[in-house]
Amino acid sequence: MELQSQPPAQVLNEPDKKRSIWHSPFFKNKLSVIAGIIIIIIILISLLAPLIAPYDPNAQDLEKSLEPASAAHWFGTDMQGRDILSRVIYGTRTTLLGALLVVLFSVVIGVPLGLISGYFGGKIDNIINRVWDVILAFPTILLAFIIVATFGRGFENAVIALGIVYVPMIARLVRSVTLVEKQQSYVDAARSLGFSHTRVIFRHILPNCISPIIVQVTIDFAYAIIDLAALSFLGLGVQPPTADWGYMLSEGREYLLVSPNAALASGFAIMITVISFNLFGDGLQSHLDPKQRKQ
C-alpha cells in the first residue's frame, strides 16, 4: 500500500510543472508575447501571400500610377501602377527568406568553428580569432558592400556577404560558452571514458550551447532584415521587379512628396518586423536564463 501511494503524488505534481511553463518570465512579459503573435502573423502572411495579395505584385498599369489609397488599392499604387499592398505582402517572403538564409549561413559555419576554437584553444583558437578580428574590424554594412561589389549585386550575393559578416558574432558566442562548459565535470567524465573529441564537442558540449544560440539567432534575424533592406535600398540586394521592402523604400523616396504610400508601407513593415524579433529575443533570453526562471 505504501508503494502505491507514490504515483498519485507524482500525478499531482504534473499540473504544477505545466503551470510553471506559463508562469515563466517570457509569458509574464506582455511585449514578448505580443511580439511572438505578430511574428506568427508575419510568417503566415509570407506563406499565404498568393492567397492574401489582391493583385499580382508585378502587374503594371501606368494609367493608375501613384494613385492614393482607395477601396481598390488600400495602400495606393506606385510609379508603375503596381498595387503597393500586394508588393508589401510578397515582400514579406523575400525579406524573411533572406534573413533566414543569412542566419543559417552564419550558424552552419560559426557554431562548429566556435566549438572547435573554445574546446581546443592554443594555436587553433588564435588563428580563428585573428580571422574574426579582421572581419569585425570593418563595419558590418561596409564589409557587405565590399563583398557584394566584388562578386556582383543580387539577392544571393547579398545573403552570402551578410552571412560572412555574421559568422564571427555567433562563433564568438559559442566559443565563450564552450570555454565554460569544457571545464565541467561531465566533460572530464566523457574524456575518461575514452570518448573522441568529436563526440565530446557535438554530443555533450553543443546541447548546452543551444539556449544562447537560439537567443542570438533571433536577434541576428532582426539585424539581418535591416542589413538586407539597406543593401536593397542601395541597389545591391534584391533586384527589380522582385518585391522587396528595402527596394520599395528606395523607389518610394523618389516620390515621397507626391505619393509617400510606398515608402511608408515598406518602412512600417520593416520597423514592425524588426521590433517584434528584438522583443521576442528578449523574452526568449529571460525564459532560457536559469537565474530569471527561478524568480
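**Figure 1. Overview of the predicted model, an all-helix chain by its element count.** Buried residues account for 40% of the 295 residues in the protein, and the coordinates shown here come from a predicted model. The protein contains 14 helices and zero strands, so that a reading along the sequence gives the pattern α-α-α-α-α-α-α-α-α-α-α-α-α-α. Of the contacts between residues at least 6 apart in sequence, 72% join residues that are at least 24 apart.

**Figure 2. Close-up of the packing of helix H5 against helix H8.** Two packed helices are described by the angle between their axes and the distance between the axes. For H5 (residues 84-120) and H8 (residues 155-181), the axes come within 5 Å and cross at roughly 35°, and the crossing in which H5 passes H8 is right-handed. The residues that form this contact divide into 19 nonpolar, nine polar and one charged.

**Figure 3. Close-up of helix H6, with its buried and exposed residues.** Helix H6 (residues 122-136) has 15 residues, which at 1.5 Å a residue should span 21 Å, and the distance of 21 Å between its end C-alpha atoms agrees with that expectation. Its buried residues are Asp125, Ile128, Asn129, Trp132 and Ile135. Seen down the axis of H6, these buried residues fall within an arc of 110°, and they therefore line one face of the helix. The buried residues of H6 pack against H5, H7 (140-151) and H8, whereas Lys123, Ile127 and Val134 are exposed on the other side of H6.

**Figure 4. Close-up of Ala149 in helix H7.** Ala149, which lies in helix H7, has a relative accessibility of 61% and counts as exposed because the cut-off for that class is over 50%. Ala149 and Ala161 are separated by twelve residues in sequence, and their C-alpha atoms are 9.9 Å apart in space.

**Figure 5. Close-up of the packing of helix H12 against helix H13.** H12 (residues 245-253) and H13 (residues 261-288) pack at an angle of about 145°, with their axes 7 Å apart, and their crossing is left-handed. On the H12 side the contact is made by Trp245, Gly246, Met248, Leu249, Gly252 and Arg253, which meet Ala262, Ala263, Ser266, Gly267, Ala269, Ile270 and Thr273 of H13. By class, this contact of H12 with H13 has seven nonpolar, five polar and one charged residues.

**Figure 6. Close-up of Gly283 in helix H13 and of Val33.** Gly283, a residue of helix H13, has a relative accessible area of 0% and is therefore buried, the cut-off for that class being under 20%. Although Gly283 and Val33 are 250 residues apart in sequence, their C-alpha atoms are 7.9 Å apart in space.

**Figure 7. Close-up of two loop sites with backbone features, at Pro241 and Leu66.** The peptide bond that joins Pro240 and Pro241 is cis, with omega about 5°, and Pro241 lies in the loop between helix H11 (210-233) and H12. Leu66 is placed in the loop between helix H4 (49-52) and H5, and its phi is near 55°, a positive value in a residue other than glycine. With a relative accessible area of 22%, Leu66 is partly exposed.

Key:
Residues numbered from 1 in each chain as written. Predicted model: local features only at pLDDT ≥ 70, side-chain atom pairs only at ≥ 80, totals over all residues. Heavy atoms only, no water. Axes fitted to C-alpha atoms, helices over the stretch in contact; angles between N-to-C directions. Helix = DSSP H or I, 4+ residues; strand = E, 2+ residues; numbered from the N terminus. Left-handed = near helix turned anticlockwise from the far one by under 90°. Nonpolar A, V, L, I, M, F, W, Y, C, P; charged D, E, K, R; others polar. Expected span 1.5 Å × (residues − 1). Buried < 20%, exposed > 50% of the residue type's maximum accessible area, 1.4 Å probe, protein only. Arc of directions from axis to C-beta. Contact = heavy atoms within 4.5 Å.
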